[in-house]
Amino acid sequence: MRILVTGGAGFIGSNYCRFVLREHPEDEVVNFDKLTYAGNLENLREVEGDGRYSFVRGDICDEKVVEGVMGEVDTVVNFAAETHVDRSIQHAGAFVDTDIKGLYVLLGAARKHDIGRFVHVSTDEVYGSIESGSFKEEDAPSPSSPYAASKAGAELMAKAYERTFGYQILITRGANTYGPYQYPEKVVSLFATNALDDIELPLYGDGMNVRDWLYVDDHCAGIDVVLREGVLGEAYNVGSDQERTNLELTREILKLVGKGEELIKYVKDRPGHDRRYSIDGSKLRALGWQPRVGFEEGMKRTVGWYRENEAWWRRLKDGSYRQYYEEMYANR
Ligand code: NAD
Ligand code: TYD
């Protein structure tokens, strides 16, 4: 296969490019990325000399450029998105553009070029919060944040393309993902790097919100199984069954870094903060996938990676990110 990986310079996308080149020697990867603040070609240094890998800089909202690149591939995995909930609360425009319009543009070009297998990477956040039990794929979307609403909107557009034009794709809805190369704005990479620097960890609200923690290699493997084995037109949850409160997560990170709980700073809650995410992952498990890395092992690997790759995250935290960080946490 010649796979168009959009957003391949971001966190999960770059891990996925490496995953495909490692696991499937017969496949080629075309990484198509706009290189926003979250895109970083440094994430792909390991594979840039691989003859099966190439990079094209472009915006998934740009019909002309997308049209050109779509003619050169036979498969698509769409990771490209604006992804941070807090940023979507501040400015939702880029989320509507990339997450909704971007998929619309990709769908149009993919349909025209008869792309047979197209995976759209969505999120468990489209379901919204659940007090007990777990969401199944047929449950209705009920997004809370502008980010989640944009991801849900994209999914509805994909459904419309199926019903209107008979063009079917595959959708994955992954849980909260963590691991190497995650931009240090998401909670695990932010807290690990703050703790290494003896900076406070801003824990929202009472710290009792629950997330299911999925190691990035497991997420990549889940997406890959859907790409190769999934039934067209279907959605698949990619869950880890590793639910933790944010306080438990914070304590684990502090323990691994070797710092004390005095670094925890309870701050004003995020508006519309979903209390608990939980998805039933049995549909994907029936295709033979299962998560291999548990919470403790995954956190150990992740904190170890940030410890050993200080230069990578320090460059991000020193630059434009600093202004964002100061604004974000100024009044909390
Ligand atoms: P990320 O923010 O690290 O990376 C996003 C990438 O998309 C960046 O490389 C960026 O440059 C690129 N991009 C942004 N706008 C673009 C555009 N208009 N055209 C082309 N490229 C563009 O994101 P991530 O955490 O790796 O998430 C990847 C995907 O997985 C997203 O679709 C996200 O919704 C989904 N997801 C993420 C998680 C998570 O916990 N991180 C969980 C479930 C699903
Ligand atoms: P985040 O990594 O932003 O992912 P998402 O909002 O997509 O789940 O946040 C994960 C959890 O951590 C969420 O409940 C919000 C919380 N959180 C904090 O307590 N402090 C922070 O500084 C951040 C970024 C998140």
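This report covers the two ligand shells, the nonpolar cores and one buried loop residue of a predicted model.

**Ligand 1**

Ligand 1 is surrounded by 30 residues, and the closest are Ile-12, Asp-33, Thr-83, Tyr-147 and Lys-151. By class, this shell holds 12 nonpolar, 14 polar and four charged residues. At least two shell residues come from each of H1, E5, helix H5 (146–165) and strand E7 (176–178). Strand E5 contributes the most, with three residues. Oxygen atoms of ligand 1 pair with backbone atoms of Gly-10 and Phe-79, while a nitrogen atom of ligand 1 pairs with the side chain of Thr-98. On its own, ligand 1 exposes 840 Å², of which the protein buries 97%.

**Ligand 2**

The shell around ligand 2 has 20 residues; Glu-125, Pro-202, Arg-270, His-273 and Tyr-329 are the closest. Nine of the shell residues are nonpolar, five are polar and six are charged. Helix H3 (85–90), helix H6 (187–196) and strand E8 (201–204) each give at least two residues to this shell. Oxygen atoms of ligand 2 pair with backbone atoms of Val-187 and Tyr-204, and with the side chain of Arg-270. The accessible area of ligand 2 alone is 510 Å², and the protein covers 97% of it.

The polar contacts of both ligands are listed here.

| Ligand atom | Residue atom | Distance |
|---|---|---|
| Ligand 1, oxygen | Gly-10, backbone N or O | 2.9 Å |
| Ligand 1, oxygen | Phe-79, polar backbone atom | 3.0 Å |
| Ligand 1, nitrogen | Thr-98, polar side-chain atom | 3.0 Å |
| Ligand 2, oxygen | Val-187, backbone N or O | 2.8 Å |
| Ligand 2, oxygen | Tyr-204, polar backbone atom | 2.9 Å |
| Ligand 2, oxygen | Arg-270, side-chain N or O | 2.5 Å |

**Nonpolar cores**

The largest nonpolar core has 36 residues, and Tyr-16, Val-77, Phe-79 and Val-119 touch the most other members. Two or more of its residues come from each of strand E1 (2–6), helix H1 (11–23), strand E5 (117–123), helix H7 (216–229) and strand E10 (235–238). Leaving out residues up to four places away in sequence, Val-77 touches Ile-3, Leu-4, Val-5, Thr-6, Tyr-16, Val-119, Val-121, Ile-223 and Leu-227. Another core, of 35 residues, lies apart from this one and includes Tyr-204, Tyr-215, Leu-247 and Trp-305.

**Asn-40**

Asn-40 sits in the loop between strand E2 (28–33) and strand E3 (53–57). Asn-40 counts as buried because its relative accessible area is 14%, below the 20% cut-off. Its side chain reaches the backbone nitrogen of Glu-42 at 2.9 Å. Beyond four places away in sequence, Asn-40 touches Ala-9, Leu-35, Trp-312 and Leu-316.

Definitions and conventions: Residues numbered from 1 in each chain as written. Chains lettered and ligands numbered in written order. Predicted model: local features only at pLDDT ≥ 70, side-chain atom pairs only at ≥ 80, totals over all residues. Heavy atoms only, no water. Core = buried A, V, L, I, M, F, W, Y, C linked by side-chain atoms within 4.5 Å. Buried < 20%, exposed > 50% of the residue type's maximum accessible area, 1.4 Å probe, protein only. Helix = DSSP H or I, 4+ residues; strand = E, 2+ residues; numbered from the N terminus. Contact = heavy atoms within 4.5 Å. Near = heavy atom within 4 Å. Polar contact = N/O pair within 3.5 Å; in protein donor to acceptor, adjacent residues only side chain to side chain. Areas by Shrake-Rupley, 256 points an atom, 1.4 Å probe, with all protein chains shown as cover. Nonpolar A, V, L, I, M, F, W, Y, C, P; charged D, E, K, R; others polar.
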